[in-house]
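Please open the model in the viewer and keep the sequence panel visible. The tour moves from paired strands to the open and enclosed spaces.

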Amino acid sequence: GCDSIMICSFIPKTEELILLPNPANKEDKVMLLYNFTEEDKTGLVVEIYNTVGLKIMSIEPTRFPIELREIKTSGSYVVRIVTGTGKVLTAKLVIM
């Protein structure tokens, strides 16, 4: 596992969106880790979808790395990020 110091300093070098911790508990904050450029960050939107495809949340983060604290219901979710450059990133998130 990763400790919190490692999580905060870890920015992936790949084109993959990483969610930590995953699975997460309802009280956890989930870090969305990706090597965003300044252009990516401008106008970036994070959308959360439930298992039936319903968008349950949409946020425009102002701080990076992005932290999610708003999901309080157990289940599986899809995190979808649309960057300012039009790049679309998705990852599955499980809340215990």
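How many bridges join strand 6 to strand 7, and do these strands run parallel or antiparallel? Select residues 88–95, which form strand 7, together with residues 75–82, which form strand 6. In this predicted model, 8 bridges join the two strands, and the strands run antiparallel.

Next, select Gly 75 and Ile 95: Gly 75 stands opposite Ile 95 in strand 7. Then move to the hairpin of strand 6 and strand 7, where 5 residues lie between the strands. Within this hairpin, select Gly 86, which takes a positive phi near 90°.

Now add residues 45–49, which make up strand 3. Strand 3 is antiparallel to strand 6, and 5 bridges join them. For one pair to display, choose Val 46 and its bridge partner in strand 6, Ile 81.

Turn next to the enclosed space. The search of the whole structure finds 1 cavity of 30 Å³ or more, and the largest cavity holds about 40 Å³ of space. Select its lining: Asp 28, Val 30, Leu 68, Arg 69, Glu 70, Ile 71, Leu 93 and Ile 95. Of these residues, 5 are nonpolar and 3 are charged, with no polar residue. Ile 95, in this lining, is the residue that Gly 75 stands opposite.

Finally, display the largest pocket, with a volume of about 180 Å³. Its lining consists of Met 31, Ile 59, Pro 61, Thr 62, Arg 63, Phe 64, Pro 65, Ile 66, Glu 67, Arg 69 and Glu 70. Coloured by class, this lining shows 6 nonpolar, 1 polar and 4 charged residues. Arg 69 and Glu 70 line the pocket and also line the largest cavity.

Methods:
Residues are numbered from 1 along each chain as its sequence is written. This is a predicted model: local features need pLDDT of at least 70, side-chain atom pairs count only at pLDDT 80 or more; totals for chains, interfaces and linings use all residues. Side-chain values use heavy atoms; hydrogens and water are left out. On a 1 Å grid over the protein atoms alone, a cavity is a set of points where a 1.4 Å probe fits but cannot get out, and a pocket is an open set with protein on both sides within 12 Å along at least five of seven lines; lining residues have an atom within 4 Å of a point. Grid points are joined across faces, edges and corners, and a volume is the space filled by probe spheres set on the points. Ala, Val, Leu, Ile, Met, Phe, Trp, Tyr, Cys and Pro count as nonpolar, Asp, Glu, Lys and Arg as charged, and the others, Gly among them, as polar. Two strands pair if DSSP finds at least two bridges between them. Helices (H or I, at least four residues) and strands (E, at least two) are DSSP runs, numbered from the N terminus.
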